[in-house]
Amino acid sequence: MSTHSPAGVTVGAAAMLASLLCCGNQPKPAVAARHPDAPLPAVGMVFRRYVDTTRRNWDEDGWRPLTTAIWYPTSTNGTPDTIWIGAPNRHEFMSGTALMGAPLDSGPTRHPLIVLSHGTGGSALQLMWLGQQLAAHGFIVAAVNHHGNTGAEPKATPQGFVLWWERARDMSAVISAVLADSAFRNRIDTTRIGAAGFSLGGYTMIELAGGRTDLGAFAEQCRSKPNPTLCDAPPEYPKLLADLAALGRNQRFVTSLARSGDSYRDRRIKAVFAIAPAQGGAFTAAGLSDIHIPVSIVVGDSDLIAPAASNAAYFAARIAGATLQTIPLAGHYTFLSPCTANGVEDIPLLCHDPAGANRISIHRQVADSAAAFFDRHW
């Protein structure tokens, strides 16, 4: 994957501190073996400014935004654009390459749809490595910026950082929006819809599969086994606790809290893929007992942010039929976009990988695993 092209597209704010399907006999996308360094087929990419008209934004002055990046197979030839994260004069991540605005490939084939959920404070583009590679395998892939919990917006909100279950509602709303989008609606196999997410996006996968959050259990874990990376204000939002206190008796906040233990199972989703999932302490065994769809979990063996024992392995041991894959030499932030030299200098926490790790090779390995997982269960 080249970090240079004749044309470049810069998307995002200066420092993205990311913890950053109808048709009975339609062909499935083939997951062909390939050399890990072989170039990927070019894919198309568009942005959509969807909204959820069932919820207001956190400022109460409009509908909840669902800004979404979509990657998809295309037959168009051309030199792909390089997609960057960071200020125009100081790129910090190279997200991937795509043909911006290219049409979806022609033909009768209906494609599976995968929706992606980024980590806390992150953005859709931090998962472009996964979206691009799934699109190259034949999927249509949509990644949303979670309102109030994304570096792609001008400001973070305390609601966005603590009302985690609202993310599952984002994912369901994005599925509905893509299925209604004139560019994609007649080309999606609605019997083959899946979801994937990283970190807090991995938590979101557990919710979409049928898990139920137990805030009491999470609070007890933080009391008995405090983990600063999970229980304190995250580095993406250091003044979270002070801003939460200022919310007072905000009615929308209170209402959402009261719904934290609800089921957010989306029955259109047939399988989920969770990468370095977080918030394992928010689920009891009973809260995971209603998950009956295929769940695949991936975690790095050097993850110190969402340690496997209390997160990925915890989920795998309590979700019927779940599988767990451990990636050697991968840390938590290894699953973010590859960093530029500026990123290494500006935000070393997000750009440092364990010695010997190759972020791009790990991305390809995980994306191939995801494609094979979805294809196998469809």
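## A tour from helix H3 outward

Start by selecting helix H3 (residues 166–180): Glu166 and Arg169 sit 3 residues apart in it, so about one helical turn separates them. This is a predicted model. Show both side chains. They meet in a salt bridge, 3.3 Å from N to O. Colour the pair by accessibility. Glu166 is buried, at 3% relative accessibility. Arg169 is partly exposed, at 23%.

**Widen the selection**

Which residues join Glu166 and Arg169 in a network of salt bridges? Add Asp52, Arg55, Arg64, Asp170 and Arg259. The search of the whole structure returns 18 salt bridges.

Next, pick Arg90 and Glu345. Their side chains form a salt bridge at 3.3 Å, N to O. Arg90 belongs to strand S5 (residues 90–100) and Glu345 to helix H10, so this contact ties together parts 255 residues apart in sequence. Arg90 is partly exposed, with 29% relative accessibility. Glu345 is exposed, with a relative accessible area of 60%.

One more charged pair: select Lys239 and Asp243. They form a salt bridge whose closest N and O atoms are 3.2 Å apart. Lys239 counts as exposed at 51% relative accessibility. Asp243 counts as partly exposed at 22%.

**Strand S7 and its neighbours**

Select strand S7 (residues 140–144). Is it enclosed or open? All 5 of its 5 residues are buried, so the rest of the structure largely encloses the strand. Check each side in turn. Ile140, Ala142 and Val144 are buried on one face, and Val141 and Ala143 are buried on the other.

Now show the partners. Strand S3 (residues 63–73) runs antiparallel to S7, joined by 4 bridges. Trp71 is opposite Val141 of S7. Strand S6 (residues 111–117) pairs with S7 in the parallel sense, over 5 bridges. Ile114 also stands opposite Val141. Trace the chain from S6 through H1 to S7: this β-α-β crossover is right-handed.

Stay on H1 (residues 128–136). The helix is mostly covered, with 8 of its 9 residues buried. Buried residues in H1 include Met128, Trp129, Leu130 and Leu134. Step just past the helix to Gly138. Its phi is positive, about 115°.

**Aromatic rings**

Switch to Phe, Tyr and Trp side chains. The count comes to 15 aromatic pairs. Zoom to Phe161 and Tyr237. Their ring centres are 5.0 Å apart and their planes lie at 80°, so the pair is edge-to-face. Phe161 is in helix H2 (residues 158–162), and Tyr237 is in the loop between helix H6 (228–231) and helix H7 (240–247), so the rings tie together parts 76 residues apart in sequence. Both Phe161 and Tyr237 are buried.

Go on to Phe273 and Phe373. Here the centres are 6.0 Å apart and the planes are at 45°, so the pair is tilted. Phe273 lies in strand S9 (residues 269–275) and Phe373 in helix H12 (residues 359–377), so the contact spans parts 100 residues apart in sequence. Phe273 is buried at 1% relative accessibility. Phe373 is buried too, at 3%.

Then select Trp164, Trp165, Tyr203, Phe218, Phe283, Tyr314 and Phe315 together. Ring pairs link them into a cluster. For a charge over a ring, show Arg56 and Trp63. Arg56 lies over the face of Trp63, 4.8 Å from the ring centre.

**Disulfides**

Finish on the cysteines. How many disulfides does a search of the whole structure find? There are 2.

Select Cys222 and Cys231. A disulfide joins them, with S to S at 2.1 Å. The torsion about their S-S bond is about -85°, so the link is left-handed. Cys222 is buried at 17% relative accessibility. Cys231 is partly exposed at 23%. Under 20% counts as buried.

Select Cys339 and Cys351. Their S to S distance is 2.1 Å. The link is left-handed, with -90° about the S-S bond. Cys339 sits in the loop between strand S11 (323–327) and helix H10 (341–346), and Cys351 in helix H11 (residues 348–351), so the disulfide ties together parts 12 residues apart in sequence. Cys339 is partly exposed, with a relative accessible area of 24%. Cys351 is buried, at 11% relative accessibility.

Conventions. Residues numbered from 1 in each chain as written. Predicted model: local features only at pLDDT ≥ 70, side-chain atom pairs only at ≥ 80, totals over all residues. Heavy atoms only, no water. Disulfide = S-S within 2.5 Å. Buried < 20%, exposed > 50% of the residue type's maximum accessible area, 1.4 Å probe, protein only. Helix = DSSP H or I, 4+ residues; strand = E, 2+ residues; numbered from the N terminus. Phe/Tyr/Trp six-rings, centres within 6.5 Å; stacked < 30°, edge-to-face > 60°. Lys NZ or Arg CZ within 6 Å of the ring centre and 35° of its normal. Pairing = 2+ DSSP bridges. Right-handed = clockwise from strand over helix to strand, strands pointing away. Salt bridge = Lys/Arg side-chain N within 4 Å of Asp/Glu carboxyl O.
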